[in-house]
Protein chains: 2
Amino acid sequence: MFRLSKGAEYAIRGILHLSMQPEGKVSFVEEIGEAQDVPKAYLAKIFQSLTKKGFLKSTRGQGGGFTLIKPPAEITVNEVIEAMEGPIYLNDCLVSKDACERETFCPVHELWQKAQTSFMDVIINCTFEELAKAGKVKREKCESKSGAA
Amino acid sequence: MFRLSKGAEYAIRGILHLSMQPEGKVSFVEEIGEAQDVPKAYLAKIFQSLTKKGFLKSTRGQGGGFTLIKPPAEITVNEVIEAMEGPIYLNDCLVSKDACERETFCPVHELWQKAQTSFMDVIINCTFEELAKAGKVKREKCESKSGAA
DNA sequence: GGAAATAGGATAAAAGAGGTCTTAAATACT
DNA sequence: AGTATTTAAGACCTCTTTTATCCTATTTCC
Ligand code: SF4
Ligand code: SF4
């Protein structure tokens with residue numbers, strides 16, 4: 001089934017949250033979980049793994065929490081998804097050269113290649129800097145609307 | 001995880017097989033399963049559901065089997081996948097207008113919309129007539145190569 | 001009636017989603 | 001220095017859904 005897992009969805013929300021904070025800000029799980037509407041126990045686990053993968057820095061104890069290590073401009077949506085779900089491939093024949101023995105004569109293979117490329121292009125070319133910027137714009141628009149009403 | 005299910009993969013192989021047969025030909029599951037390398041009991045069930053969805057006609061008893069009802073030119077890959085897996089949507093917020101309450105201010109929503117569109121475009125614009133034609137070409141090329149060697 | 005096919009139900013294994021509880025580290029307050 | 005508090009790390013658990021498959025019943029023709 002072609003669906004983003006909750007784990008990756010939450011990871012994106014979490015990193016987006018951090019991207020929208022002032023640089024170097026330390027946030028803790030409970031705060032982020034509440035703001036982004038993510039179960040905190042789950043988010044904690046996700047952040048653990050994002051820390052291991054080098055996206056975040058964690059500090060324990062009072063005043064501790066998580067900080068973004070990489071600049072948002074250098075994190076793509078694609079990277080975060082792959083960190084959570086492993087490599088993305090839409091069909092077996094795209095995982096490696098000879099994963100499917102039918103590939104030599106199967107006309108569907110090319111279709112998947114094309115579909116995968118056009119899908120990946122979109123998420124590879126989207127950084128969290130862009131998302132954060134778009135997020136601020138969208139929020140302002142949203143607030144001015146409810147303010148006017 | 002963004003992966004095509006085996007069910008849909010096998011359905012595509014099955015319909016492709018029928019698309020490459022002379023029109024109106026009745027094929028039975030065992031034959032197709034062998035040719036397309038699909039477990040026959042599984043394929044049988046898949047064909048059942050494709051029959052219910054109106055892609056195939058089935059006849060039971062001796063001399064029975066399955067026939068394509070729709071002309072290959074009018075079947076898209078997308079349709080077959082949706083018949084097997086239900087509607088395709090990459091993320092919750094794409095299933096319906098207000099599936100995700102965060103949509104009003106979430107900047108990621110637009111990204112998914114874009115990704116989904118460019119992915120779907122590819123599979124919507126691919127009919128089994130094209131695939132069958134490409135399959136014939138590919139097979140000939142393949143045979144001439146092994147013949148020359 | 002018997003062989004050839006499909007119809008449909010049952011099932012086993014894997015992935016996904018989330019929770020709990022204990023341990024470790026850092027700070028803050030005596 | 002010592003203790004309490006705050007926060008993450010890590011290990012373990014459970015429940016549900018999806019995926020992939022098999023097995024038996026039923027229909028139809030000869
Ligand atoms: S699309 Fe063709 S090559 Fe790809 S996995 Fe399916 S059969 Fe193999
Ligand atoms: S991407 Fe944004 S709108 Fe879509 S499901 Fe996630 S939070 Fe909701």
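**Entry 1: terms and model**

I take contact to mean heavy atoms within 4.5 Å. I also note that this is a predicted model.

**Entry 2: Ser118(B)**

I began with Ser118(B), which lies in helix H5 of chain B. Which residues does Ser118(B) contact, leaving aside its neighbours within four places in sequence? I found Ser118(A), Phe119(A) and Val122(A). I then asked whether Ser118(B) is buried or exposed. Its relative accessible area is 19%, and buried means under 20%, so Ser118(B) counts as buried. I also looked up the side chain of Ser118(B), which reaches the backbone oxygen of Ala115(B) at 3.2 Å.

**Entry 3: Ser27(B)**

I turned to a second serine of chain B, Ser27(B), and found it in the loop between H1 and helix H2 (29-36). Ser27(B) has a relative accessible area of 0% and is therefore buried. Not counting residues up to four places away in sequence, Ser27(B) touches Leu18(B), Gln21(B), Ile32(B), Gly65(B) and Phe66(B).

**Entry 4: ligand 2**

Where does ligand 2 lie? I located ligand 2 between chains A and B, and the space that it takes is the largest pocket. Two elements give two or more residues to the shell around ligand 2, namely H1 of chain A and helix H5 (108-124) of chain B. H5(B) gives the most, with 3 residues.

I listed the residues around ligand 2. Chain A supplies Glu9(A) and Arg13(A). From chain B I noted, among others, Cys93(B), Cys100(B), Cys106(B), His109(B) and Trp112(B). By class, the shell around ligand 2 has 5 nonpolar, 2 polar and 4 charged residues.

**Entry 5: DNA strand C**

How many residues surround DNA strand C? I recorded 25, and the closest are Lys45(A), Gln62(A), Lys45(B), Gln48(B) and Ser58(B). Of the atoms of DNA strand C that come within 4 Å of the protein, 67% belong to sugar and phosphate.

I looked up three polar contacts of DNA strand C. In Tyr10(A), an N or O atom of the side chain is 3.5 Å from a phosphate oxygen of the strand. In Gln62(A), a side-chain N or O atom is 3.1 Å from a sugar or linking oxygen. From chain B, a polar side-chain atom of Arg60(B) lies 3.0 Å from a sugar or linking oxygen of DNA strand C.

Both chains contribute elements to the surface near DNA strand C. Helix H1 (6-20) and helix H3 (40-52) of chain A each supply at least two residues, as do helix H3 (40-52), strand E1 (56-59) and strand E2 (65-68) of chain B. I counted the residues of this surface by class as 8 nonpolar, 11 polar and 6 charged.

**Entry 6: DNA strand D**

I then examined DNA strand D, which has 23 residues around it. Those that come nearest are Met1(A), Ser58(A), Lys6(B), Tyr42(B) and Arg60(B). Sugar and phosphate make up 67% of the atoms of DNA strand D that come within 4 Å of the protein.

Which part of DNA strand D does the backbone of Gln62(A) approach? A backbone N or O atom of Gln62(A) lies 3.2 Å from a base oxygen. For Met1(A), a backbone N or O atom lies 2.9 Å from a phosphate oxygen of DNA strand D. The side chain of Arg60(A) has an N or O atom 3.0 Å from a sugar or linking oxygen of DNA strand D.

The surface near DNA strand D divides into 7 nonpolar, 10 polar and 6 charged residues.

Notes. Residues are numbered from 1 along each chain as its sequence is written. Chains are lettered from A and ligands numbered from 1 in the order in which they are written. This is a predicted model: local features need pLDDT of at least 70, side-chain atom pairs count only at pLDDT 80 or more; totals for chains, interfaces and linings use all residues. Side-chain values use heavy atoms; hydrogens and water are left out. A residue is near a molecule or strand if one of its heavy atoms lies within 4 Å of it. A polar contact is a pair of N or O atoms within 3.5 Å; within protein, one must be able to donate a hydrogen and the other to accept it, and residues adjacent in sequence count only if both atoms are side-chain atoms. Helices (H or I, at least four residues) and strands (E, at least two) are DSSP runs, numbered from the N terminus. Ala, Val, Leu, Ile, Met, Phe, Trp, Tyr, Cys and Pro count as nonpolar, Asp, Glu, Lys and Arg as charged, and the others, Gly among them, as polar. On a 1 Å grid over the protein atoms alone, a cavity is a set of points where a 1.4 Å probe fits but cannot get out, and a pocket is an open set with protein on both sides within 12 Å along at least five of seven lines; lining residues have an atom within 4 Å of a point. A molecule sits in a cavity or pocket if more than half of its atoms lie within 2 Å of its grid points. Buried means under 20% relative accessible area, exposed over 50%, partly exposed in between (1.4 Å probe, protein chains only).
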